[in-house]
Amino acid sequence: MSCSEIGETTDRMANHAGLLECLAVTLRGEHTGLEVKMYCSATLRRLAELISHPMIAQGALLSALVKAATWTYTDCIAEAFRAQASEPRNCVIMANHHGLLNALSRLALTRGEGVDVEKVRVTAVAAIELMSRHDEARALLAHNEGIMMALTRASYGEEQASLKNSMRRSIRSELDGSFTGSYADVSRRIGDDDESNDDMSMQSRRIQVALKNLVGAM
């Protein structure tokens, strides 16, 4: 139902008393099945893409996301925060919402290894970076210890990743003659890597600018 293209359907879901909180509480349940939790997290993500200021349901949504921020099995809750932050008019409201910055920083500082965990961290940091673009939200972000730590760690991590990728490109260029396959295959592989590296470099610059702006707002 949350994926319905009929606005009235999604509006009724968002405004249904207790639904958003119920989804969040279910995610925290110790005896709830994994599949059920995945549906709940996906529903919250979808509704976060549809709800924005000044809709009545936004307050309930943000409270639900704060409660659901313990969910890191998928990046759905982190994506929900990013979806909200991608709408400029939401950012100040998010920064002022009780417990939201702490919840978002915990997602950005999620411990563990693996692609899924990394997606959670990267997505949460992206939400912080989007919020930091707005002056009114910036002061609140700058005075949250968790937010500052998350951006600092992300900045360091992006720099390390950029250095590793540069080394890989250098080694690859020296070993071009050892590639098997057609010239087109080799070019495509290098081209894909370059595009990925460009995306990483842009994100790294955004994180560094966000960190600089927040330090200036302290």
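Which helix does Leu104 lie in? Leu104 lies in helix H7, where helices (H or I, at least four residues) and strands (E, at least two) are DSSP runs numbered from the N terminus. At 0% relative accessibility, Leu104 counts as buried; buried here means under 20% relative accessible area, exposed means over 50%, and partly exposed is what falls in between (1.4 Å probe, protein chains only). Setting aside neighbours within four places in sequence, Leu104 is in contact with Phe81, Ala124, Ala127, Ile128 and Met131, contact meaning heavy atoms within 4.5 Å. Leu104 and Ala150 sit 46 residues apart in sequence, and their C-alpha atoms are 9.4 Å apart in space.

A word on the ground rules. This is a predicted model, so local features need pLDDT of at least 70 and side-chain atom pairs count only at pLDDT 80 or more, while totals for chains, interfaces and linings use all residues. Residues are numbered from 1 along each chain as its sequence is written, and side-chain values use heavy atoms, with hydrogens and water left out.

**The overall picture**

The protein chain has 11 helices and zero strands, so reading along the sequence you get α-α-α-α-α-α-α-α-α-α-α. Of its 218 residues, 41% count as buried. Take the contacts in the protein chain with a separation of 6 or more: residues 24 or more positions apart account for 68% of them.

**H3 against H4**

Two packed helices are described by the angle between their axes and the distance between the axes. For helix H3 (residues 34-50) and helix H4 (residues 58-68), the axes come within 11 Å and cross at roughly 145°. Those axes are lines fitted to C-alpha atoms, for helices over the stretch in contact, and angles run from 0 to 180 degrees between N-to-C directions. H3 passes H4 in a left-handed crossing, the label used if the near helix is turned anticlockwise from the far one by less than a right angle, with right-handed used if clockwise.

Who actually touches whom? On the H3 side there are Leu44, Leu47 and Ala48, and they meet Leu61, Ala64, Leu65 and Ala68 in H4. By class, this contact has seven nonpolar, no polar and no charged residues. For that tally, Ala, Val, Leu, Ile, Met, Phe, Trp, Tyr, Cys and Pro count as nonpolar, Asp, Glu, Lys and Arg as charged, and the others, Gly among them, as polar.

**H6 and the loop after it**

Helix H6 (residues 88-96) has Asn90, Cys91, Met94 and Ala95 buried. Seen down the axis of H6, its buried residues fall within an arc of 130°, so they line one face of the helix; the arc is that of the directions from the helix axis to the C-beta atoms. The buried residues of H6 have plenty to pack against: H4, helix H5 (76-85), helix H7 (100-108), helix H8 (115-131) and helix H9 (135-142).

His97 lies in the loop between H6 and H7. Is His97 buried or exposed? His97 is buried, with a relative accessible area of 18%. Not counting residues up to four places away in sequence, His97 touches Gly59, Leu62, Ser63 and Val66.

**Salt bridges**

Side chains of opposite charge can pair when their charged atoms come close. Searching the whole structure turns up eight salt bridges, each one a side-chain nitrogen of Lys or Arg within 4 Å of a carboxyl oxygen of Asp or Glu. Among them are these:

| Pair | Closest N and O atoms |
|---|---|
| Arg45 and Glu49 | 3.7 Å |
| Arg46 and Glu49 | 3.4 Å |
| Arg121 and Glu118 | 2.8 Å |

An α-helix has 3.6 residues a turn, so residues three or four places apart point the same way. Arg45 and Glu49 both lie in helix H3, four residues apart, about one turn of the helix. Arg46 and Glu49 are three residues apart in helix H3, again about one helical turn. As for accessibility, Arg45 is partly exposed at 28%, Arg46 is partly exposed at 23%, and Glu49 is partly exposed at 43%.

Over in helix H8, Arg121 and Glu118 are three residues apart, about one turn of the helix. Arg121 is buried, with a relative accessible area of 18%, whereas Glu118 is partly exposed at 37%. Back in H3, salt bridges that share partners join Arg45, Arg46 and Glu49 into one network.
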